[in-house]
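Me: Could you take a close look at one helix in this protein for me and tell me how its residues sit? I'd like one connected walk-through rather than a list.

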Amino acid sequence: ERHRAAKGRRLAEEISRLREAGNSAHRVGDYCAAEEHYSAALLLDTTSAPLLLNRAAARLMLDEHRSALEDCEKAIELQPGV
């Protein structure tokens, strides 16, 4: 049980680290890096509406409109009213 809890904490920490790296990249205008960090985080947490919306914002800045829209639609499916 402790092993499972520790593994869960490590996973949560890695997702948080990737999200923060994406946020930092986005703040300085490195939207490609931001998109990569958010995508990596989403591989670990496929049901995170906030991560999907963050990646959508980065994709919009990269003129990847269809991908951004798909991320937004998926976020709405996961968390209606988001």
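Reply: Let's start with a cut-off: a residue is called buried when its relative accessible area is under 20%, exposed when that is over 50%, and partly exposed in between. Keep in mind that this is a predicted model, so everything below is computed from it.

The helix I'd pick is α2, which covers residues 31-44. Ser39 lies in helix α2, and with a relative accessible area of 17% it is buried, because that value falls under the 20% cut-off. What does Ser39 touch, once its neighbours within four places in sequence are set aside? The answer is a pair of arginines, Arg55 and Arg59.

Now slide along to Leu44, which is also part of helix α2 and sits at the end of its range, 31-44. Leu44 has 36% relative accessibility, so it counts as partly exposed: that value lies between the 20% and 50% limits. Leu44 also belongs to a nonpolar patch on the surface, together with Leu11 and Leu43. Taken together, those three leucines have about 290 Å² of accessible area. So within this one helix you get a buried serine and a partly exposed leucine.

To put the helix in its setting, the protein has 4 helices and 0 strands, and from the N terminus on the order reads α-α-α-α. Of the 82 residues, 29% are buried, and Ser39 is one of the buried ones. The C-alpha trace spans about 45 × 30 × 15 Å along its principal axes. As for the outside, the accessible surface comes to about 5,500 Å², and carbon and sulfur atoms account for 53% of that. The protein carries 12 positive and 14 negative charges, and the mean positions of the two sets are 10 Å apart.

How does the chain come back on itself? Counting contacts between residues at least 6 apart in sequence, 41% join residues at least 24 apart. For a long-range pair to look at, try Gln79, in the segment after α4 (65-78). Gln79 and Ala49 are 30 residues apart in sequence, yet their C-alpha atoms are 6.4 Å apart in space. Leaving out residues up to four places away in sequence, Gln79 touches Ala49 and Pro50. Gln79 itself is partly exposed, since its relative accessible area is 38%.

Conventions. Residues are numbered from 1 along each chain as its sequence is written. This is a predicted model: local features need pLDDT of at least 70, side-chain atom pairs count only at pLDDT 80 or more; totals for chains, interfaces and linings use all residues. Side-chain values use heavy atoms; hydrogens and water are left out. Patches are made of residues with over 30% relative accessible area and no salt bridge: like charges are joined within 9 Å, nonpolar side chains (Val, Leu, Ile, Met, Phe, Trp, Tyr) within 5 Å. Accessible areas come from the Shrake-Rupley method with a 1.4 Å probe; for residues, only the protein chains shown count as cover. A salt bridge is a side-chain nitrogen of Lys or Arg within 4 Å of a carboxyl oxygen of Asp or Glu. Helices (H or I, at least four residues) and strands (E, at least two) are DSSP runs, numbered from the N terminus. Buried means under 20% relative accessible area, exposed over 50%, partly exposed in between (1.4 Å probe, protein chains only). Contact means heavy atoms within 4.5 Å. Lys and Arg count as positive and Asp and Glu as negative; His and the chain ends are not counted. The place of a charge is taken as NZ of Lys, CZ of Arg, CG of Asp or CD of Glu.
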